[in-house]
Amino acid sequence: MTELADKAGISKQSMSLYSSNKNTPPYESVIKIAEVLNLPYDYFMVDKPFEAIIGNTYFRSQSSATKKARNAQELKVEYAAKLYDILLSYVDCPELKLPEHLEMDIDCSINNYNPEEDAAKIEALSANVRKYWNLGDGPIENLQYVLESNGIVVTGFRDVDSKIDAFSQLVEINGRDIYVIALAIGSKPIERLRFDMAHELGHILMHQWGGDEEIISNEAFNIREKQANMFASSLLLPENTFGRIVSAYPTEIEYYNTLKKKWKVSIQAMMYRARQLNIISGNQFQYMMRQISKNGWRTKEPGDVPGQLGDTIFQGAIDLLFDGGYITKNDLLSSFSKEGIFLDRSDLENLMCLREGTLEPEPKAIRLVALKK
């Protein structure tokens with residue numbers, strides 16, 4: 001607030017009064033604040049643009065990310081869900097199609113937590129998901145497409161706090177449940193993005209969404225994270241097929257590097273999975289991890305390059321509308337405004353993980369010829 005007041009040339013006392021709704025800023029101050037924050041001034045003219053009921057938000061880095069950073073990302077997901085809801089008034093998107101949930105009431109069972117029992121349930125769940133979605137037993141070529149084709153919204157944010165890996169959220173708008181998986185796009189390789197998606201799917205299927213994850217203990221939170229990691233490993237690396245293939249050379253790190261190209265999962269994740277399946281011993285795993293550290297591969301493995309999502313369901317819907325001539329860019333932006341969403345085009349593109357320039361206005365054609373009278 002102090003920084004904003006200084007940049008806008010407004011006293012800190014006045015800014016505090018505006019923030020606490022004890023004073024209404026004059027129009028000139030609204031313009032200054034909007035310019036500093038790079039937001040359309042209309043954004044500040046709407047008290048509450050839309051109603052949304054939010055469930056838990058599962059952050060992979062809850063213990064390290066600040067509450068301020070988490071709140072910022074939660075609000076972005078609310079807007080993304082509302083934008084999706086608006087697009088559904090124009091196009092038909094895949095309906096939500098999930099297998100029966102396996103909800104583990106961790107808060108009640110934490111004192112009797114049984115890792116082996118959990119592992120067996122999670123293996124069964126991942127096998128059920130693959131069968132329900134007809135994924136077979138091999139590598140999942142495009143996990144983003146699998147999620148979106150079954151009604152889960154996937155998006156990516158480029159300006160995310162470095163301590164936030166990925167998160168998922170349940171948003172209810174107009175009586176519709178919308179599950180959103182948001183990924184931190186930037187430096188992560190595609191293998192990590194895929195694991196993040198599978199991890200968040202684990203939360204969607206296994207954990208309760210009606211409470212508040214802020215009030216659970218760190219121990220309970222860590223158990224949920226372990227369960228989501230176990231699910232991601234089990235889904236991406238099935239016991240029967242991956243287990244059989246990795247058993248050929250289970251302690252050869254270079255072999256894992258070869259498997260990485262086929263399974264599209266990181267070397268370290270495959271090593272963890274081999275240990276989980278008891279294909280390698282604890283001592284072998286520790287030795288292999290020391291080799292990973294010695295090679296400098298803990299944060300960047302061979303072949304790692306910044307990964308990107310494919311075109312999102314947002315991009316597909318908007319391309320359909322624009323390419324078919326069903327609606328203009330200005331008409332779509334007007335529809336967003338009518339629903340109370342006043343954001344810059346670049347912010348809208350970021351929220352929906354669109355290709356840069358998707359919402360930029362097209363230049364007007366300059367006619368050099370005219371019809372004869």
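**Helix packing and salt bridges in a predicted model**

Good morning. I begin with a helix pair: helix 12 and helix 13, the latter spanning residues 282-294, pack with their axes 10 Å apart and at an angle of about 170°. The two helices are therefore roughly antiparallel to each other, since an angle over 145 degrees counts as such. On the side of helix 12, the contact is made by Ile267, Gln268, Met271, Tyr272 and Arg275. Helix 13 contributes Gly282, Phe285, Met288, Met289 and Ile292. Sorted by class, this contact has 7 nonpolar residues, 2 polar ones and 1 charged one.

I should state at once that this is a predicted model. As for the overall setting, the chain has 373 residues, of which 49% count as buried. Its secondary structure comes to 16 helices and 4 strands. Among contacts in the chain with a separation of 6 or more, 73% are between residues 24 or more positions apart.

Let me turn to the other partner of helix 12. How do the axes of helix 11 and helix 12 cross? Helix 11 covers residues 253-263 and helix 12 covers residues 267-276; their axes come within 9 Å and cross at roughly 110°. That angle makes helix 11 roughly perpendicular to helix 12. The crossing of these two helices is right-handed. From helix 11, the residues in contact are Ile253, Tyr256, Asn257, Leu259 and Lys260. They meet Ile267, Met270, Met271 and Ala274 of helix 12. By class, the contact of helix 11 with helix 12 has 7 nonpolar, 1 polar and 1 charged residues.

Two residues of helix 12 deserve a second mention. Ile267 and Met271 take part in the contact with helix 11, and Ile267 and Met271 also take part in the contact with helix 13.

I now move to the charged side chains. Side chains of opposite charge can pair when their charged atoms come close. The structure holds 12 salt bridges, and I have chosen three of them for discussion.

The first example is local. Lys7 forms a salt bridge with Glu3, and the closest N and O atoms are 3.1 Å apart. Both residues belong to helix 1, residues 2-8, and, being 4 residues apart, they are separated by about one helical turn. Are Lys7 and Glu3 buried or exposed? Both are exposed.

The second example joins a strand and a helix. The side chains of Arg176 and Asp85 meet in a salt bridge at 2.4 Å, N to O. Arg176 lies in strand 4, residues 176-184, and Asp85 in helix 4, residues 67-87, so the pair ties together parts that are 91 residues apart in sequence. Arg176 is partly exposed, with a relative accessible area of 34%. Asp85, by contrast, counts as buried at 9% relative accessibility, because the cut-off for buried is under 20%. Which residues are linked with Arg176 and Asp85 in a network of salt bridges? They are Lys82 and Glu339.

The third example involves Asp311 and Arg355, whose side chains meet in a salt bridge at 2.9 Å, N to O. Asp311 lies in the loop between helix 13 and helix 14 (313-323), while Arg355 lies in the segment after helix 16 (345-351), so this pair ties together parts that are 44 residues apart in sequence. Asp311 counts as partly exposed at 49% relative accessibility, and Arg355 likewise counts as partly exposed at 40%.

Thank you for your attention.

Terms used: Residues are numbered from 1 along each chain as its sequence is written. This is a predicted model: local features need pLDDT of at least 70, side-chain atom pairs count only at pLDDT 80 or more; totals for chains, interfaces and linings use all residues. Side-chain values use heavy atoms; hydrogens and water are left out. Axes are lines fitted to C-alpha atoms, for helices over the stretch in contact, and angles run from 0 to 180 degrees between N-to-C directions. Angles under 35 degrees count as roughly parallel, over 145 as roughly antiparallel, 65 to 115 as roughly perpendicular and the rest as oblique. A crossing is left-handed if the near helix is turned anticlockwise from the far one by less than a right angle, and right-handed if clockwise. Contact means heavy atoms within 4.5 Å. Ala, Val, Leu, Ile, Met, Phe, Trp, Tyr, Cys and Pro count as nonpolar, Asp, Glu, Lys and Arg as charged, and the others, Gly among them, as polar. A salt bridge is a side-chain nitrogen of Lys or Arg within 4 Å of a carboxyl oxygen of Asp or Glu. Buried means under 20% relative accessible area, exposed over 50%, partly exposed in between (1.4 Å probe, protein chains only).
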